[in-house]
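I opened this notebook to record what I looked up in the structure shown below. The entries follow the order in which I made them.

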Amino acid sequence: MTKEKYKEYIQKQYDYVLEQISGWHESVNVLKSLSDYISDCIETIEDIYNDKDIDFQSYIELNEMVNYKFKEVCRIVKKG
């Protein structure tokens with residue numbers, strides 16, 4: 001997969017989890033969505049790491065993107 005495809009995928013994951021947690025007040029639903037997002041982030045980072053088409057610099061950039069999006073989701077959950 002290309003770097004741009006990974007970026008699109010990471011953004012779609014982020015948008016989806018925000019859609020899932022917005023407006024929910026039951027902590028069980030929020031925690032389930034957060035748990036699924038954590039698993040997706042881990043799998044994505046592993047896939048990027050194991051992808052032979054992604055160079056090290058791109059891996060670092062994509063990893064930082066995942067980390068930033070994850071921190072944003074956690075901030076939103078904490079704030080809500």
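**Entries on helix α3 and its surroundings**

I began with helix α3, residues 56–79, which has 24 residues and reaches 34 Å from its first C-alpha to its last, close to the 34 Å expected at 1.5 Å a residue. I note that the model is predicted.

I next looked up which residues of α3 are buried. They are S58, Y59, L62, N63, M65, V66, K69, E72 and V73. I then asked what the buried residues of α3 pack against. The partners are α1 (3–21) and α2 (27–50).

**Aromatic pairs**

How many aromatic pairs does a search of the whole structure find? I recorded 3 aromatic pairs.

I took up the pair of Y37 and F70. Their ring centres are 6.3 Å apart and their planes stand at 20°, so I entered the pair as stacked; the planes of a stacked pair are under 30 degrees apart. Y37 lies in helix α2 and F70 in helix α3, so this pair ties together parts that are 33 residues apart in sequence.

I then looked up whether each of these two residues is buried or exposed. Y37 is buried, with a relative accessible area of 3%. F70 has 26% relative accessibility and counts as partly exposed.

I turned to the pair of F56 and Y59. The ring centres are 6.3 Å apart and the planes are at 35°, so I entered this pair as tilted. F56 and Y59 are 3 residues apart in helix α3, and about one helical turn separates them.

For accessibility, I found F56 at 61%, which counts as exposed. Y59 has a relative accessible area of 15% and is buried. The two rings also belong to a group: Y49, F56 and Y59 form one aromatic cluster.

**A charge over a ring**

Where does the charged end of K69 sit? I found it over the ring of Y14, 4.6 Å from the ring's centre. K69 had already appeared in my list of buried residues in α3.

**L18**

My last entries concern L18, which I located in helix α1. I looked up its contacts, leaving aside neighbours within four places in sequence, and found V73 and I76. V73 is one of the buried residues of α3, and those residues pack against α1 as well as α2.

I also looked up the separation of L18 and S33. These residues are 15 apart along the chain, and their C-alpha atoms are separated by 9.1 Å.

Definitions and conventions. Residues numbered from 1 in each chain as written. Predicted model: local features only at pLDDT ≥ 70, side-chain atom pairs only at ≥ 80, totals over all residues. Heavy atoms only, no water. Helix = DSSP H or I, 4+ residues; strand = E, 2+ residues; numbered from the N terminus. Expected span 1.5 Å × (residues − 1). Buried < 20%, exposed > 50% of the residue type's maximum accessible area, 1.4 Å probe, protein only. Contact = heavy atoms within 4.5 Å. Phe/Tyr/Trp six-rings, centres within 6.5 Å; stacked < 30°, edge-to-face > 60°. Lys NZ or Arg CZ within 6 Å of the ring centre and 35° of its normal.
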